[in-house]
Amino acid sequence: MERKKKDIRALTKDQLRDFFVDQGDKAFRGNQVYEWLWQKSAHSFDAMTNISKETRSMLEEHFVINHIKVDQMQRSSDGTIKNAVRLHDGLVVESVLIPTETRTTACVSSQVGCSLDCRFCATARLKRMRNLNPDEIYDQVVAIDNESRLYFNRPLSNIVFMGMGEPLMNYNNVLNAIEKITSPEGLGMSPKRIVVSTSGVPKMIKRMADEKVKFGLAVSLHSAIDEVRTSIMPFNATFPLKDLREALEYWYAQTKSRITYEYVVWSGINDTKEAVDALVKFCKFAPSKVNIIEYNPIDDGEFQQASAKAVEMYQNILEQNGITVTVRRSRGKDIDAACGQLANKQ
Ligand code: SAH
């Protein structure tokens, strides 16, 4: 009976080295294979040309390389590309390539579906099926890097964890993937070009702070008033702003890295002076900046983008208080690739 083969990318480098020693080979062979897997992104053992044929077939007997498959690629009129990514068990997630004049940003998913219940987000309507493995996150990055080279003649420059799922609810795998993406034995990208975006899980923000991570942190704030935030992001009842604030102060104390707040202004929800004042106050707890993002309608019109005047009010008051604010236009809206629109619709 054929035993179930293990996914070789679930092994650490040390485990790979040990495996070769157990096979009567040199530990160093483990380093070579590790490099093929994580630096050269090999899809098959046959691609590992500096490994002997016998060793390659021996690996084939023991392991598989579970690789993602880009099932469908859609291109927006603004150049944005959305990939529907099929995982080895048939589930699908989406990732997005966002080109600007000078950069290519990959927006990657960390979970299949999402367990949070933000009322304005399409992904929240999908059940959380499972966490992504480190290799599944890594593969999304490699796929977008290839597309960037192919269509824009340049490598991928930035990564944001703003696709499907809550990265801090898949903490270990997300950090493991970032390690593979940034390590010189992996893709060697700078952690300064990576941003992890969270709805705000205080315990996990503190853990990242303790680990002195080198990537950036973005928090989807949307309101600095508990009652309002809970009404649009119900999990705020479990992780109230007081706890979030305390975690963010701790984050800054440990990392000295400025926090980005993502913020959508909706009419009738947070388009008041009171809401802006609360945000200004919240921004003063730790050095931060605000990204105002456009609302991308997801369906029934329950939420509506606030007026340009309300957005201007935010901009003016934040600036008067010395807080950096940028107003972002959405990208890839025509293919449902913009923030909050990822829902495997195709
Ligand atoms: N769970 C993480 C990662 C998702 S990031 C997080 O919450 O940060 C996706 C970003 O898009 C978040 O800032 C989210 O609040 C925002 N978003 C969700 N739905 C949106 C919508 N319909 N329009 C605009 N932004 C949306």
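I count Ala, Val, Leu, Ile, Met, Phe, Trp, Tyr, Cys and Pro as nonpolar, Asp, Glu, Lys and Arg as charged, and the others, Gly among them, as polar. The model I examined is a predicted one.

**Entry 1: the second largest pocket**

I applied these classes to the lining of the second largest pocket and obtained five nonpolar, six polar and six charged residues. The lining comprises 17 residues, and R9, A10, P134, N176 and K180 lie nearest the centre of the pocket. For the space in this pocket I noted about 240 Å³.

I then asked which elements each supply at least two residues of this lining. They are α2 (28–38), α4 (134–152) and α5 (171–182). The largest share comes from α5, with four residues.

**Entry 2: the ligand**

I turned next to the ligand, which has 22 residues around it. Those that come nearest are F120, S197, S199, S220 and H222. By class, I recorded 10 nonpolar, nine polar and three charged residues in this shell.

I looked up individual atom pairs. At F120, a backbone N or O atom lies 2.9 Å from a nitrogen atom of the ligand. Two side chains face oxygen atoms: a polar side-chain atom of S199 lies 2.8 Å from an oxygen atom of the ligand, and for a polar side-chain atom of E262 the distance to an oxygen atom of the ligand is 3.1 Å.

How much of the ligand does the protein bury? Taken alone, the ligand exposes 540 Å², and the protein buries 96% of that. Two or more residues of the shell are given by each of β10 (194–198) and β12 (259–264).

Key: Residues numbered from 1 in each chain as written. Predicted model: local features only at pLDDT ≥ 70, side-chain atom pairs only at ≥ 80, totals over all residues. Heavy atoms only, no water. Near = heavy atom within 4 Å. Polar contact = N/O pair within 3.5 Å; in protein donor to acceptor, adjacent residues only side chain to side chain. Areas by Shrake-Rupley, 256 points an atom, 1.4 Å probe, with all protein chains shown as cover. 1 Å grid on protein atoms, 1.4 Å probe; cavity = no way out; pocket = protein on both sides within 12 Å on 5 of 7 lines; lining within 4 Å. Points joined across faces, edges and corners; volume = space filled by probe spheres on them.
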